[in-house]
Amino acid sequence: RRDRLDFIAMNKPQQPDDMMTPIADVQARRDERDIAIDQVGIRGLRYPLQFVDRDGVAVGTVATCNVYVALPADQKGTHMSRLVALLEEHASAQSPALSVANFRTLLDDLVTRLDAPGGRVELAFPFFVRKTAPVSGIASLLDYEVKLTGELHEGRYTQTLDVVAPVTSLCPCSKEISDYGAHNQRSAIRIVARPRAPVFVAELLRVAEEEASAELYGILKRADEKYVTERAYNNPRFVEDLVRGIAARLDADDRIGAFAVEAENFESIHNHSAFARISRGL
């Protein structure tokens, strides 16, 4: 037994000397070029998170994350691992679900953790809404694109909420000049809002859908298809109509300090798209 113990002791891996001494923090060293960096960080990281909107229910999604900090002129590098650790902690079950209203807490945590003069976080993710078909009442999910962007610079915080809604548009000119029928197409409406007060994702999506010729659904039965087709025919919209109608509603909302709205019609009788954009303050 003693011989066996001696053999184990002799063959036990030895700790290298560099594990017994502190590891150098190269990023924290001084940089002599005296050039500050506006944004440095990570881009394109996919991470699961919980997001809560108007209904108050936290829903899981997967976000594509860009996280940056401003780097002072005298600091050689930032600590990239801390940026991922930030997302890990905010995605944990112990943290509140992210929302438009509490998004700033992520930025405050970021600049504190990195001791940075400023920071920026961009989270892009699919947002699903369970919609009910207009006649049959069948429920199904429809996906939308959402992007939250927050920036904190010298104590000043700005935030934008970016949504993309797929809709149907029907051409007023085609309806006017044709003996029967009218050409229609699927369109994409994008709203970018800089709110003064919290605005829900679902609210902006509804504005886009209500100003379209018709909205989309995941599942439609024949009676639903008839309803949607006739609704679009009775609500023709040029691409210009789409952006003007939405801009008028956003301009009248005191919670929104600045906005941009874009509409793109993926034309069904042309090999190009029709596009329009209105911007106020962005």
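**Strand pairing, helix packing and voids in the predicted model**

Strands S3 and S4 pair in the antiparallel sense over 15 bridges. The model is predicted. Within this pairing, Val121 has Gly150 of S4 as its bridge partner. The hairpin of S3 and S4 has 6 residues between the strands. In that hairpin, Gly137 takes a positive phi near 80°. Strand S3 (residues 118–132) also pairs with strand S2 (residues 58–71), again in the antiparallel sense, over 6 bridges. Here Asn66 stands opposite Glu122 in S3.

Backbone angles in two loops deserve a note. Most residues other than glycine have a negative phi. Asp34 has a phi near 60°, a positive value in a residue other than glycine. Asp34 is placed in the loop between helix H1 (2–11) and strand S1 (37–52). Its relative accessibility is 59%, so Asp34 counts as exposed. Glu154 is not a glycine either, yet has a positive phi of about 50°. Glu154 lies in the loop between strand S4 (139–153) and S5. Glu154 is exposed, with a relative accessible area of 67%.

Helix H7 spans residues 239–251 and has 13 residues. From its first C-alpha to its last, H7 reaches 18 Å, close to the 18 Å expected at 1.5 Å a residue. The buried residues of H7 are Val239, Leu242, Val243, Gly245, Ile246, Ala247 and Leu250. An α-helix has 3.6 residues a turn, so residues three or four places apart point the same way. Among the buried positions of H7 are 239, 242, 243, 246 and 250. The buried residues of H7 pack against one helix segment, H5 (201–210). Their strand contacts are S5 (156–170), S6 (184–195), S8 (256–266) and S9 (273–280).

Cysteine pairing was searched over the whole structure, with 0 disulfides found. A disulfide needs two cysteine sulfur atoms within 2.5 Å. The sulfur of Cys173 is 5.1 Å from the closest cysteine sulfur, in Cys171, and is therefore too far for a bond. Cys173 is partly exposed, with a relative accessible area of 38%. Cys65 is buried, at a relative accessible area of 1%.

Cys65 also appears in the lining of the largest cavity. The count comes to 1 cavity of 30 Å³ or more. The largest cavity has a volume of about 70 Å³. Along with Cys65, its lining consists of Tyr47, Pro48, Leu49, Leu87, His90, Ala91, Leu98, Leu106 and Leu123. The elements that give two or more residues to this lining are S1 and helix H2 (80–90). S1 supplies the largest share, 3 residues.

The largest pocket has a volume of about 440 Å³. Its lining comprises 22 residues. Of these, Asp55, Phe127, Phe128, Val129 and Arg130 lie nearest the centre of the pocket. The elements giving two or more residues to the pocket lining are S1, S2, S3, S4 and H5. S3 contributes the largest share, 7 residues. S3 thus links two parts of this account: S3 pairs with S4 over 15 bridges, and S3 gives 7 residues to the lining of the largest pocket. H5 likewise recurs: H5 is packed against by the buried residues of H7, and H5 gives two or more residues to the pocket lining.

How values were computed. Residues numbered from 1 in each chain as written. Predicted model: local features only at pLDDT ≥ 70, side-chain atom pairs only at ≥ 80, totals over all residues. Heavy atoms only, no water. Helix = DSSP H or I, 4+ residues; strand = E, 2+ residues; numbered from the N terminus. Expected span 1.5 Å × (residues − 1). Buried < 20%, exposed > 50% of the residue type's maximum accessible area, 1.4 Å probe, protein only. Contact = heavy atoms within 4.5 Å. Pairing = 2+ DSSP bridges. 1 Å grid on protein atoms, 1.4 Å probe; cavity = no way out; pocket = protein on both sides within 12 Å on 5 of 7 lines; lining within 4 Å. Points joined across faces, edges and corners; volume = space filled by probe spheres on them.
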